Amino acid sequence: MSNRFTERKQLQKRILHQRIAFAVLFIGFISLVVLGIVGLVKLIQKPSVEETMVASDDDMQMLIDLKEMMEQKELTIILDAGHGGNDVGTGDESYWEKDLNMDIVLKMKDMLSYCGVSVLLTRDGDETLALDKRSAFANEHEEADYFISVHCNYCEDDASVSGLECYYWEGSEQGKNYAQSIIDTVALEDKIIVRGIKTDNFHVLRETKMPAILIETGYLSNAEEKKNLYDDTYQKTVALFLVKGIISGALD
């Protein structure tokens, strides 16, 4: 009798242990399922690479529209981030112009590439690059349709001066028309102050064989514009509207 009682108690204990083990496994399985669902939801909700290029859904729609405009079309653009390496440009050590130019150019590159535009960069890192190297790079790539150099401006005499400007070589009618098209496009959006088009004897405008423009995205001598240009979201806005002007101007 005692042996049967002991066996029964052992059997009950084994059953209890099995139930506990099953419960632990079941809870673990449910936890994994829940974590998996949460992870899937987060993955679904995570912005796409394309969406991180722009600041809003409306901006993304603009890129989609530009991409549709580029269907069955070919366009090659050379982007030149002004300064670099030992040539820091204007600004200050917290954010030199060379770095700001590079950040805007890389944003433009991503957007242009998304739209189907082939993009070549005179520099893709923090390197010192002489002006003749930049123009030589452009002239070696005869497939390029336009050369676009990106800079920031500075006015020592008047800190109130602000706005985006577009320069072209005086002898280039194509450069003039392209610069005007880009300025008109940016001005239409009423999100960026523009100062119009100008001519100047810049090396990269004078020595490049294809139509070339130089864009001054704003004045770092102006406190408000400097604050804007240092802001990543504003840089995306500038890049987007320049890209719109670059594409629409080239397809006109």
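**View 1. Burial and stacking of Tyr-146 and Tyr-178.** In this predicted model, Tyr-146 and Tyr-178 are both buried. A search of the whole structure yields three aromatic pairs. One of them is formed by Tyr-146 and Tyr-178, whose rings are stacked, with 3.7 Å from centre to centre and 15 degrees between the planes. Distant parts of the chain are linked by this pair: Tyr-146 belongs to strand β5 (residues 146-153) and Tyr-178 to helix α5 (residues 173-189), 32 residues apart.

**View 2. Edge-to-face pair of Tyr-167 and Phe-202.** The ring centres of Tyr-167 and Phe-202 lie 5.2 Å apart and the planes meet at 70 degrees, so the arrangement is edge-to-face. This pair also links distant parts of the chain, with Tyr-167 in strand β6 (residues 164-168) and Phe-202 in the loop between β7 (194-199) and α6 (203-206), 35 residues apart. Tyr-167 has a relative accessibility of 8% and therefore counts as buried, whereas Phe-202, at 25%, counts as partly exposed.

**View 3. Strand β8 and its pairing with β5 and β6.** Eight of the eight residues of strand β8 (residues 212-219) are buried, so the strand is largely enclosed by the rest of the structure. Strands β5 and β8 run parallel and are joined by six bridges; Ile-148 stands opposite Ile-213 of β8. Strands β6 and β8 run antiparallel, with four bridges between them. Tyr-167, a member of the edge-to-face pair, has Leu-214 as its bridge partner in β8.

**View 4. Lys-67 and the ring of Tyr-114.** The charged end of Lys-67 is placed over the ring of Tyr-114, at 4.5 Å from the ring centre.

Methods. Residues are numbered from 1 along each chain as its sequence is written. This is a predicted model: local features need pLDDT of at least 70, side-chain atom pairs count only at pLDDT 80 or more; totals for chains, interfaces and linings use all residues. Side-chain values use heavy atoms; hydrogens and water are left out. Rings of Phe, Tyr and Trp (its six-membered ring) pair if their centres lie within 6.5 Å; planes under 30 degrees apart count as stacked, over 60 as edge-to-face and the rest as tilted. Helices (H or I, at least four residues) and strands (E, at least two) are DSSP runs, numbered from the N terminus. Buried means under 20% relative accessible area, exposed over 50%, partly exposed in between (1.4 Å probe, protein chains only). A charge sits over a ring if NZ of Lys or CZ of Arg is within 6 Å of the ring centre and within 35 degrees of the ring normal. Two strands pair if DSSP finds at least two bridges between them.
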